[in-house]
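Please look through the sequence and the model shown here before reading on. The paragraphs after it are meant to be read with both in view.

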Amino acid sequence: MKNKIRKWGIRTLLFILLGFVSITITMLNPNLLYARKTQIGNYTIYHEKELHQRFEQRLKAIDSILVDSELYDSKLELKVCLGNDALYPQFMKTIWGNAFGWGMYNIATLNGAIDIQQNIIELHGYQWNFEQLLLHELTHCLQFNAFGFWNSNPLAKHPEWKWEGYAEYVARQGKGQHSLLKNMERIESARMVAPDEWGVFFEDKTVAPRVYYDYWLMVQYCMEVKKMSYKELLKVNLKEDEVKEEIMVWYELKSIR
């Protein structure tokens, strides 16, 4: 009886290990689930349909912003996985849960209906700015490259506001998004008009989740007002509630002037 239990235990462990290895191999090799790939500079684009004629222009605009991140590495080879019902984003959704996108290792994956011409990606009735979403996910790749597997989220358990907030800080470089004061005015107005709404809407009708919006402004405050680098921000012991309180005091003082 003990031998049978031991055999079944070994088989179960082998089955779990095989499943883990298979999932890992698939996650790190999106080419296994795509029909096409296109090389553009340091980027390998995985896609099912022909790339839109404006895609390369969008990618150049994205890269011109990404290079300004203190974590940028010109030698890093990045992979971009596009949605539009491709198998790989569906696989990622099964692993990580439904979302607009995911960034891990050197792979940025987008999930949703992409309209390159209009520069949007749509999911569940919400529209995200395509360039900014891809920038967000690529920034996660920069974080992973800079800090390594064990010191990157989710394993490192850095505060989410620091991890996601930096990705938003790098990504949100559109018209009307540079001023911290204006960004604060937008979220405070949104809270008054629609306190229960999931997102904050920009002038182009695209959205940012309110929780990510708050994270973005906290990082923007720390880097632009407190003059911290991102690496310093990760190391210092700043509590989320304390930063929120501090930024509100700053905002109220600025609003009076």
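What follows goes from the interior to the surface and then to two helices.

This is a predicted model, in which local features need pLDDT of at least 70 and side-chain atom pairs count only at pLDDT 80 or more, while totals for chains, interfaces and linings use all residues. Residues are numbered from 1 along each chain as its sequence is written, and side-chain values use heavy atoms, with hydrogens and water left out.

In soluble globular proteins, nonpolar side chains tend to be buried together. A nonpolar core is here a set of buried Ala, Val, Leu, Ile, Met, Phe, Trp, Tyr and Cys residues joined through side-chain atoms within 4.5 Å, where buried means under 20% relative accessible area, exposed means over 50%, and partly exposed lies in between (1.4 Å probe, protein chains only). The largest nonpolar core has 59 residues, of which Leu 134, Leu 138, Trp 161 and Tyr 230 touch the most other members. Helix α7 (residues 210-225) gives the most to this core, namely 10 residues; helices (H or I, at least four residues) and strands (E, at least two) are DSSP runs, numbered from the N terminus. Leaving aside neighbours within four places in sequence, Leu 138 is in contact with Tyr 43, Ile 62, Leu 66, Leu 78, Val 80 and Ala 108, contact meaning heavy atoms within 4.5 Å. Another core, of 11 residues, lies apart from the largest one and has Met 27, Ala 86, Met 92 and Trp 102 among its members.

A charged residue is also found in the interior: Glu 168, in helix α5 (residues 160-171), is buried, with a relative accessible area of 0%. Not counting residues up to four places away in sequence, Glu 168 touches Trp 128, His 136, Ala 208, Tyr 212 and Trp 216.Helix α6 (residues 180-193) has 14 residues, which at 1.5 Å a residue should span 20 Å, and its end C-alpha atoms are 20 Å apart, in agreement with that value; the expected span is 1.5 Å times one less than the number of residues. The buried residues of α6 are Leu 180, Asn 183, Met 184, Arg 186, Ile 187, Glu 188 and Ala 190, and they pack against β9 (199-201), α7 and α9 (240-256). Glu 252 lies in helix α9 and is partly exposed, with a relative accessible area of 47%. Although Glu 252 and Leu 181 are 71 residues apart in sequence, they are 9.9 Å apart in space, C-alpha to C-alpha.
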